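Good morning, colleagues. I should like to take you through two parts of this model, beginning with the sheet and ending with a pair of helices.

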Amino acid sequence: MLQKYFDYLTFELNRAPLTVNAYKRDIFQFCNWLAPDASDKIDFTLITAADVRTWLASLAKEGEAPVTLRRKIISLRSLFKWMMKTGILKKSPLTNVPLPKIPKPLPDLIKNNEIEEAINKLRESEDPKAPQNYLMPLIIEMLYTLGIRRAELVGINDEDISFFKGEVKVLGKRSKQRIIPVPQSLLNKISKWQTFRDQNLIKPIDENPLFIIKGKRISPEQVYRLVKKALAESSARKKSPHALRHSFASGMLNGGAELDSVREFLGHSSIATTQIYTHISLNEIKKAYSLAHPRASVKKEPGEGS
């Protein structure tokens with residue numbers, strides 16, 4: 001019966017071999033737990049949610065991570081779904097077994113001084129004969145100063161920038177527009193780039209993108225490569241456009257901005273998405289305290305409790 005299920009995964013659902021093998025390992029592990037004696041037969045119609053929970057609890061006790069337990073539940077869910085489809089089961093025993101929550105890692109940040117050093121270094125190497133080198137510092141500065149997404153940066157057209165109002169219009173997720181204030185110093189650099197671009201580069205005929213490379217609108221992949229190259233010397237684990245967005249949000253909160261204002265800047269539909277940056281700020285506060293306050297590193301005196 002199990003072989004029929006694995007054939008179904010392979011030939012009907014066209015699952016990748018690695019996926020099928022992962023499902024096999026999880027299902028056989030569960031079967032071996034149910035029937036340690038290979039001669040025993042398993043009646044899948046008698047399996048209950050309690051059986052699955054007990055198995056998962058034993059794995060958790062052995063030190064299996066939540067992400068692994070989550071995958072094993074997904075493997076069993078797929079099997080039981082197929083059994084219901086083929087009439088072997090009337091109801092899945094996993095109906096009331098929730099997926100374990102996986103803690104989200106804090107976003108990667110790039111230190112402010114490292115970003116500033118990268119921008120200054122790039123400004124020194126601006127070369128009219130090398131457009132990519134010319135626009136790299138502006139891309140870094142816009143991502144970090146405005147906190148916009150890579151796709152939002154790519155989609156900016158000349159007409160989206162208001163030099164009079166000091167604003168830029170971006171198109172976010174689910175085609176949601178928002179207006180972001182732009183400091184005058186950055187507007188001056190945008191204007192300088194536009195002048196260079198118009199005098200030296202071929203522009204697309206049917207659109208007016210702010211950033212172009214080789215006569216076409218810059219692509220998200222090109223932005224990623226430029227940012228990674230520009231931040232190569234930073235200590236950040238991940239050197240990406242999104243890391244600059246995270247650094248923007250953290251810097252705003254550390255500087256005293258209200259959470260809802262940061263949410264508006266980032267274009268988050270829910271305040272809960274923005275709240276992750278409060279954890280980053282708290283971590284930085286704790287780090288600063290442990291390094292700077294004279295009592296932060298004082299050891300307990302004799303007789304003190306925990």
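**The sheet and the helix pair**

Let us begin with a turn: β1 and β2 form a hairpin with four residues between them, and in that turn Gly 166 has a positive phi of about 70°. Helices (H or I, at least four residues) and strands (E, at least two) are DSSP runs, numbered from the N terminus. Please note that this is a predicted model, in which local features need pLDDT of at least 70, side-chain atom pairs count only at pLDDT 80 or more, and totals for chains, interfaces and linings use all residues. Residues are numbered from 1 along each chain as its sequence is written, and side-chain values use heavy atoms, with hydrogens and water left out.

The hairpin belongs to an open sheet of three strands, in the order β1-β2-β3, with antiparallel pairing; two strands pair if DSSP finds at least two bridges between them. At the edges are β1 (161-162) and β3 (177-181), each of which pairs on one side only.

Two bridges join β1 to β2, residues 167-171. Ser 162 has Glu 167 as its bridge partner in β2, and Ile 161 stands opposite Val 168. On the other pairing, five bridges join β2 to β3, again antiparallel, and here Val 168 stands opposite Ile 180. The hairpin of β2 and β3 has five residues between the strands, and Arg 174 takes a positive phi near 55°.

Which side chains of β2 are buried? Val 168 and Val 170 point to one face and are buried (under 20% relative accessible area, 1.4 Å probe, protein chains only). Glu 167, Lys 169 and Leu 171 point to the other face and are not buried. In a regular strand the side chains alternate between the two faces of the sheet.

I turn now to the helices. The axes of α1 (residues 2-12) and α2 (residues 17-34), lines fitted to C-alpha atoms over the stretch in contact, come within 10 Å and cross at roughly 160°, on a scale from 0 to 180 degrees between N-to-C directions. That crossing makes α1 roughly antiparallel to α2 (over 145 degrees). Where do they meet? Residues of α1 including Leu 2, Phe 6 and Leu 9 meet residues of α2, among them Val 20, Ile 27 and Cys 31, with contact meaning heavy atoms within 4.5 Å.

Terms used:
Buried means under 20% relative accessible area, exposed over 50%, partly exposed in between (1.4 Å probe, protein chains only). Angles under 35 degrees count as roughly parallel, over 145 as roughly antiparallel, 65 to 115 as roughly perpendicular and the rest as oblique.
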